[in-house]
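Here is a short set of exercises, each with a worked solution. Please have the sequence and the coordinates open, and try each task before reading on.

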Amino acid sequence: MVRAKSWTLKKHFVGYPTHSDFELKTVELPPLKHGEVLLEALFLTVDPYMRMAARKLKEGDMMMGEQVARVIESKNSAFPTGTIVVSHLGWTTHSVSDGKNLEKLLAEWPDTLPLSLALGTVGMPGLTAYFGLLDVCGLKGGETVMVNAAAGAVGSVVGQIAKLKGCKVVGAAGSDEKVAWLKKYGFDVAFNYKTIESLEETLKKASPEGFDCYFDNVGGEFSNVVIPQMKKFGRTAICGAISTYNRTGPLPPGPPPESIIYNQLRFQGILVTHWQGEVRQKALRDLLKWVSEGKIQYHEHITEGFENMPAAFIGMLKGENLGKAIVKA
């Protein structure tokens with residue numbers, strides 16, 4: 001018998017999550033049936049969307065999320081023992097699966113790259129950046145891109161893809177250390193939004209002519225300052241609004257309607273699951289190729305130990321991570 005440890009939602013979050021909102025439970029998994037596999041988690045992800053998605057959980061439900069896992073016992077010929085998969089298995093150390101929702105690692109994955117990248121740059125965050133920038137924003141060479149939370153899992157890939165496509169990139173982050181990384185990634189302008197005197201003036205100085213594409217991970221007051229500085233026919237890809245997720249009071253008012261109307265701006269939310277099949281596989285192969293060739297750099301913020309899942313999640317929401325927040329089981 002295998003005993004699986006799982007983190008559950010003990011009570012719904014009010015403001016920032018706290019350790020007392022989670023409960024660690026242990027259950028015995030049943031023996032495998034024909035067609036099933038037993039999985040052991042290697043790496044797990046913590047992401048901002050979980051803060052919102054947890055509202056749909058009942059108290060006592062397991063926290064949701066992707067993980068990279070290894071098949072340690074198999075009664076399914078499609079997934080022999082030792083197979084590495086990526087799947088939405090939740091915050092758990094072990095799982096039983098019938099194989100239907102398991103995705104094998106790309107066959108061309110090199111031994112030189114960490115498996116955890118399948119949860120970051122060559123996974124959901126990388127795909128979000130790829131499709132948000134290239135499909136939703138329809139980015140063209142020579143354009144100017146503004147991205148906030150630019151040192152995070154999605155933002156850092158957004159900026160680097162934009163540079164690969166011949167664009168000017170302006171990025172905002174929350175510490176001087178993060179700004180230094182953005183400059184290493186090749187951002188044309190990078191600034192610490194916590195230490196500048198005026199966001200409006202900083203943006204005007206960074207790109208006096210305005211922005212063609214705004215990749216928004218933050219929302220709130222930040223977006224209200226950016227949107228009036230968009231060029232005509234500017235496009236905004238709305239990936240997240242982390243500045244509002246832990247608010248307990250009313251949300252800030254939205255951007256000025258006249259900016260949206262007179263500049264004929266376009267806004268679209270991004271849900272990465274929209275892109276499936278071969279288009280998704282091509283994007284993963286592109287991201288893997290760019291990383292392997294050194295054209296996209298990555299940084300991971302790895303927390304050791306499954307018991308530290310809540311701490312990693314809380315720290316990520318407070319901006320303590322540089323790059324992708326990962327837990328090594």
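**Exercise 1. Decide whether threonine 236 is buried or exposed, then find its place and its contacts.**

Solution. Step one is accessibility: threonine 236 has a relative accessible area of 4%, and buried means under 20%, exposed over 50%, partly exposed in between (1.4 Å probe, protein chains only). Threonine 236 is therefore buried. Step two is the element: threonine 236 sits in strand S12, residues 230-238. Here helices (H or I, at least four residues) and strands (E, at least two) are DSSP runs, numbered from the N terminus. Step three is the contact list, where contact means heavy atoms within 4.5 Å. Setting aside residues up to four places away in sequence, threonine 236 touches Tyr214, Asp216, Met230, Arg266, Phe267 and Gln268.

A word on the ground rules: this is a predicted model, in which local features need pLDDT of at least 70 and side-chain atom pairs count only at pLDDT 80 or more, while totals for chains, interfaces and linings use all residues. Residues are numbered from 1 along each chain as its sequence is written, and side-chain values use heavy atoms, with hydrogens and water left out.

**Exercise 2. Do the same for glycine 159: which element holds it, and which residues does it touch?**

Solution. Start with the element, which is helix H3, residues 155-164. Next, the relative accessibility of glycine 159 is 0%, so this residue counts as buried. Its contacts, not counting residues up to four places away in sequence, are Val169 and Phe187. Finally, take the C-alpha distance from glycine 159 to methionine 146: the two are 13 residues apart along the chain, and the separation is 8.4 Å.

**Exercise 3. Search the whole structure for disulfides, and work out the handedness of what you find.**

Solution. Apply the cut-off: a disulfide is a pair of cysteine sulfur atoms within 2.5 Å. The search returns one disulfide. Its partners are cysteine 137 and cysteine 213, with an S to S distance of 2.4 Å. The torsion about this S-S bond is about 65°, so the disulfide is right-handed. Now locate the ends: cysteine 137 is in the loop between helix H2 (124-136) and strand S8 (144-147), and cysteine 213 is in strand S11 (residues 211-216), so the pair links distant parts of the chain, 76 residues apart. Both ends are buried, cysteine 137 with a relative accessible area of 1% and cysteine 213 at 0%.

Then check two other cysteines. Cysteine 167 is in no disulfide, and the nearest cysteine sulfur, that of cysteine 213, is 8.3 Å away; cysteine 167 counts as buried at 2% relative accessibility. Cysteine 239 is also in no disulfide, with the nearest cysteine sulfur, that of cysteine 137, 11 Å away. At 26% relative accessibility, cysteine 239 counts as partly exposed.

**Exercise 4. Which residues have the most contacts inside the largest nonpolar core?**

Solution. Build the cores first: a nonpolar core is a set of buried Ala, Val, Leu, Ile, Met, Phe, Trp, Tyr and Cys residues joined through side-chain atoms within 4.5 Å. The largest has 54 residues, and Leu133 and Leu287 have the most contacts inside it. Beyond its neighbours within four places in sequence, leucine 287 is in contact with Thr121, Val122, Gly126, Leu127, Tyr130, Val157, Ile161 and Ile296. A second, separate core has 22 residues, including Trp7, Leu9, Phe313 and Val327.

**Exercise 5. How many aromatic pairs are there, and what geometry do two of them have?**

Solution. Rings of Phe, Tyr and Trp (its six-membered ring) pair if their centres lie within 6.5 Å; planes under 30 degrees apart count as stacked, over 60 as edge-to-face and the rest as tilted. The count comes to ten aromatic pairs. Phenylalanine 22 and tryptophan 91 are stacked, at 5.6 Å centre to centre with 20° between the planes. Phenylalanine 22 lies in strand S2 (residues 22-29) and tryptophan 91 in the loop between strand S5 (84-87) and strand S6 (94-97), so this pair ties together parts 69 residues apart in sequence. Tyrosine 130 and tryptophan 290 are tilted, at 6.1 Å and 35°. Tyrosine 130 and tryptophan 290 are both buried.
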